[in-house]
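I set out to look up a handful of buried contacts, the main core, the main pocket and a few loop residues, and I kept my notes in the order in which I checked them.

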Amino acid sequence: MPAQTPEECDAMFEKYVNESNLDALVALYEPEAALCIPPGQVVIGTAAIRAALKPMFDAAFQVKCNVTQTFTAGEIAATYNNWTGTAKGPNGDEMSFSGKAIEICHRQPDGTWKFAIDDPYARG
């Protein structure tokens, strides 16, 4: 089921990461979306986004998203998200992560929302 609000994009991102559902996760992005990962690098398009996100699944990444603000202007919304996560390191030890994300979501012609730009390492 597609996101009905910009905030649902983040809630579904959390759900699909934690369920290890890469196909559903990638479907949250527009075909030509941009993803900043890791900091300083940008990938464009769902094929590149799939390749960039796959290592999270290989590391059994689990995430908790907390949307703190959303600003909407017509068909575009900016969401601010404080997130935390854990993953298995190369030696099997659990590692913890956290960050502040900014996502730009775009309302689709059917009224649902998708990520157009996702920066999980936003700096203020």
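**Entry 1, Thr-79.** I began with the side chains of Thr-79 and Glu-103, which are joined by a polar contact of 2.6 Å; I keep in mind that this value comes from a predicted model. A polar contact also links the side chain of Thr-79 to that of Asp-10, at 3.3 Å. I located Thr-79 in strand S4, and I noted it as buried because its relative accessibility is 0%, under the 20% limit that I apply for that class. Setting aside residues up to four places away in sequence, I listed what Thr-79 touches: Pro-6, Glu-7, Asp-10, Val-67, Gln-69, Thr-70, Ala-101, Ile-102 and Glu-103.

**Entry 2, Ile-102.** From that list I followed Ile-102, which I found in strand S5. The C-alpha atoms of Ile-102 and Thr-79 are separated by 5.7 Å, although the two residues are 23 residues apart along the chain. I recorded Ile-102 as partly exposed, because its relative accessible area is 30%, which falls between the 20% and 50% limits. Besides Thr-79, and again not counting residues up to four places away in sequence, Ile-102 touches Tyr-80, Ile-117, Asp-118, Asp-119 and Ala-122.

**Entry 3, the core.** Which residues have the most contacts inside the largest nonpolar core? I read off Phe-13, Leu-25, Leu-28, Tyr-29 and Leu-53, in a core of 31 residues. The elements that give two or more residues to this core are helices H1 (6-18), H2 (22-26) and H3 (46-58), together with strands S1 (29-36), S3 (62-73), S4 (76-88), S5 (94-107) and S6 (113-119). Of these, H1 gives the most, with five residues. I then took Phe-13 by itself and found that, leaving out residues up to four places away in sequence, it touches Leu-25, Leu-28, Tyr-29, Met-56, Val-63, Cys-65, Phe-115 and Asp-118.

**Entry 4, the pocket.** I noted a volume of about 430 Å³ for the largest pocket. Its lining consists of 25 residues, and those nearest the centre of the pocket are Ile-37, Met-56, Phe-61, Trp-83 and Tyr-121. At least two residues of the lining come from each of H1, S1, H3, S3, S4 and S5. How does the lining of the largest pocket divide by class, and how many of its residues are charged? I counted four charged residues, one polar residue and 20 nonpolar ones.

**Entry 5, Gln-108.** I next turned to the loop between S5 and S6, where Gln-108 is found. Is Gln-108 buried or exposed? I entered Gln-108 as buried, because its relative accessibility is 16% and the limit for that class is under 20%. The side chains of Gln-108 and Glu-30 are joined by a polar contact of 2.8 Å. Apart from its neighbours within four places in sequence, Gln-108 is in contact with Trp-113 and Lys-114 as well as Glu-30.

**Entry 6, positive phi.** Lastly I looked up two residues that have a positive phi without being glycine, the first of which is Ser-20, at about 60 degrees. Ser-20 lies in the loop between H1 and H2, and I class it as partly exposed because its relative accessibility is 48%. For Ala-60, I read a positive phi near 55 degrees. Ala-60 sits in the loop between H3 and S3, and its relative accessibility of 39% is why I entered it as partly exposed.

Terms used. Residues are numbered from 1 along each chain as its sequence is written. This is a predicted model: local features need pLDDT of at least 70, side-chain atom pairs count only at pLDDT 80 or more; totals for chains, interfaces and linings use all residues. Side-chain values use heavy atoms; hydrogens and water are left out. A nonpolar core is a set of buried Ala, Val, Leu, Ile, Met, Phe, Trp, Tyr and Cys residues joined through side-chain atoms within 4.5 Å. Buried means under 20% relative accessible area, exposed over 50%, partly exposed in between (1.4 Å probe, protein chains only). Contact means heavy atoms within 4.5 Å. A polar contact is a pair of N or O atoms within 3.5 Å; within protein, one must be able to donate a hydrogen and the other to accept it, and residues adjacent in sequence count only if both atoms are side-chain atoms. On a 1 Å grid over the protein atoms alone, a cavity is a set of points where a 1.4 Å probe fits but cannot get out, and a pocket is an open set with protein on both sides within 12 Å along at least five of seven lines; lining residues have an atom within 4 Å of a point. Grid points are joined across faces, edges and corners, and a volume is the space filled by probe spheres set on the points. Ala, Val, Leu, Ile, Met, Phe, Trp, Tyr, Cys and Pro count as nonpolar, Asp, Glu, Lys and Arg as charged, and the others, Gly among them, as polar.
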